[in-house]
Amino acid sequence: MRLITGDDITAAGKRLDGRVVRTPLLDAPALGADLGLRLAVKAENLQHTGSFKVRGATNALLAHAERADTPAGLVAFSAGNHAIAVAHVARASGLPAVVCMPPHAVPGKLAAVRRLGAEAVLTDDLLATAEALAAERGFHLLAPFDDPDVIAGQATVGREILADGPRPDLVLVPVGGGGLISGIAAAVRAGSPTTRIVGVEPDGASAMSYALRTGTHTPPVRPASVADGLAAPFAGRHTLAHVRALVDAVVEVPEAAILPAWADLVEATKLVVEPAAAVTLAALRAGLVEVAPGERTVLVLSGGNVAPAVLATLG
């Protein structure tokens with residue numbers, strides 16, 4: 001399995017220039033002081049679509065165009081953030097899009113997909129339904145994570161982390177299907193070989209950890225977590241290869257630790273983020289990641305697509 005290269009990431013950066021937000025790397029001294037760390041956050045919640053997913057989706061579509069392979073339309077499957085990203089890039093490119101989402105999808109994410117003009121199909125069998133629709137309509141199935149072009153787009157997050165601050169000792173990344181950590185690991189490992197890269201999954205949605213343990217990509221139990229953005233139904237072949245080769249560890253955080261960390265993250269940073277973005281802080285607080293006092297640590301805030309009614313529960 002070929003891993004993405006520095007050239008792939010450089011090409012992705014050129015494609016994305018001016019099309020996605022170069023999100024800030026923000027110091028978080030209050031959170032850092034509590035943990036004895038020099039802490040910063042990479043605020044991907046500030047992307048046009050509210051998550052990092054727009055990077056991979058945009059890069060994949062533009063890479064297809066460069067190969068003279070622009071599709072007639074796009075199909076995607078996603079719990080929400082990739083669906084929004086695909087709807088966004090399809091509208092920007094004048095293409096029709098249909099996205100398959102679970103029946104329990106967050107209402108705000110479903111509404112965003114429809115607002116962007118994409119057709120939403122609710123189904124429990126995301127992959128099979130998406131494959132069938134792609135074949136029926138002659139559209140391209142744009143994978144949420146298991147695609148080298150998508151991974152290269154997500155890798156631009158890692159490039160920006162290295163360019164915009166002191167070289168970190170540790171980068172902590174939320175993990176669903178593994179596209180984000182695969183890309184970040186490829187970029188950071190090449191530019192800062194001594195930086196440790198650790199992924200964090202909810203223990204109720206841990207497809208990557210299951211794949212690392214067993215070599216089987218699809219867990220026997222349907223994922224379920226308050227961090228809905230991380231509830232990938234399986235780990236990808238490309239992403240598993242990248243994680244095995246480039247990532248130091250993937251840890252599973254208890255579900256009960258996520259919401260308290262989320263509340264404190266929102267309060268300390270004054271950023272609107274979704275619970276998926278807080279699993280890294282939860283893992284640090286639970287002692288699941290080894291850190292030395294004073295280490296420069298970056299938390300990647302994967303997204304901010306959370307309903308106002310849910311934010312109101314933070315009180």
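This report walks through the sheet, the aromatic rings, the pockets and a few loop residues of one structure. The model is predicted.

## The open sheet

Six strands make up an open sheet. Their order is β1-β2-β10-β7-β8-β9, and the pairing is mixed. Which strands stand at the edges? They are β1 (25-27) and β9 (249-253). Each has a single partner strand, so one side of each is left without a neighbour in the sheet. From one strand to the next, the twist averages 25 degrees.

In a regular strand, side chains alternate between the two faces of the sheet.

## Two strand pairs

Start with β1. It runs antiparallel to strand β2 (residues 38-43), and three bridges join the two. One contact can be named by residue: Leu26 has Val41 in β2 as its bridge partner.

Now move to strand β7 (residues 170-174). It pairs with β8 in the parallel sense, over five bridges. Here Leu170 has Arg196 in β8 as its bridge partner. Is strand β8 (residues 196-202) mostly covered or mostly uncovered? It is mostly covered, with six of its seven residues buried.

## Aromatic rings

How many aromatic pairs does the structure hold? It holds two. In one of them, the ring centres of Phe77 and Phe234 lie 6.2 Å apart. Their planes meet at 40 degrees. Planes under 30 degrees apart count as stacked and those over 60 as edge-to-face, so this pair is tilted.

The pair links distant parts of the chain. Phe77 sits in strand β3, while Phe234 sits in the loop between α9 (207-214) and α10 (237-246). The two are 157 residues apart. Are these residues buried or exposed? Buried means under 20% relative accessible area. Phe77 has 5% relative accessibility, so it counts as buried. Phe234 has 16%, so it counts as buried too. Phe145 joins them: Phe77, Phe145 and Phe234 form one aromatic cluster.

## The largest pocket

The largest pocket holds about 810 Å³ of space. Its lining has 48 residues. Which of them lie nearest the centre? They are Ala79, Leu126, Ala231, Ala232 and Pro233.

Three elements give two or more residues to this lining: α4 (81-93), α6 (126-137) and α8 (179-191). The largest share comes from α6, with three residues. By class, the lining of the largest pocket divides into 26 nonpolar, 15 polar and seven charged residues.

## The second largest pocket

About 240 Å³ of space lies in the second largest pocket. It is lined by 13 residues. The closest to its centre are Gly13, Arg22, Arg55, Thr156 and Glu160.

Two helices supply at least two residues each to the lining of this second largest pocket: α1 (6-16) and α7 (148-164). What classes do the lining residues fall into? Four are nonpolar, four are polar and five are charged.

## Positive phi in two loops

Most residues other than glycine have a negative phi. Two residues in this model have a positive value instead. For Ala68, phi is near 55 degrees. Ala68 lies in the loop between α3 (53-66) and β3 (74-77). Is Ala68 buried or exposed? Its relative accessible area is 72%, and exposed means over 50%, so Ala68 is exposed.

Lys270 is the other case described here, with a positive phi of about 60 degrees. It is found in the loop between α11 (258-269) and α12 (279-285). At 61% relative accessibility, Lys270 counts as exposed.

## A contact across the sequence

Where is Ala257? It is in the loop between β9 and α11. Its relative accessible area is 23%. Partly exposed covers the range between the buried and exposed cut-offs of 20% and 50%, so Ala257 is partly exposed.

Ala257 and Ala283 are 26 residues apart in sequence. In space, they are 8.0 Å apart, C-alpha to C-alpha.

Notes. Residues are numbered from 1 along each chain as its sequence is written. This is a predicted model: local features need pLDDT of at least 70, side-chain atom pairs count only at pLDDT 80 or more; totals for chains, interfaces and linings use all residues. Side-chain values use heavy atoms; hydrogens and water are left out. Helices (H or I, at least four residues) and strands (E, at least two) are DSSP runs, numbered from the N terminus. Buried means under 20% relative accessible area, exposed over 50%, partly exposed in between (1.4 Å probe, protein chains only). Rings of Phe, Tyr and Trp (its six-membered ring) pair if their centres lie within 6.5 Å; planes under 30 degrees apart count as stacked, over 60 as edge-to-face and the rest as tilted. On a 1 Å grid over the protein atoms alone, a cavity is a set of points where a 1.4 Å probe fits but cannot get out, and a pocket is an open set with protein on both sides within 12 Å along at least five of seven lines; lining residues have an atom within 4 Å of a point. Grid points are joined across faces, edges and corners, and a volume is the space filled by probe spheres set on the points. Ala, Val, Leu, Ile, Met, Phe, Trp, Tyr, Cys and Pro count as nonpolar, Asp, Glu, Lys and Arg as charged, and the others, Gly among them, as polar. Two strands pair if DSSP finds at least two bridges between them. Axes are lines fitted to C-alpha atoms, for helices over the stretch in contact, and angles run from 0 to 180 degrees between N-to-C directions.
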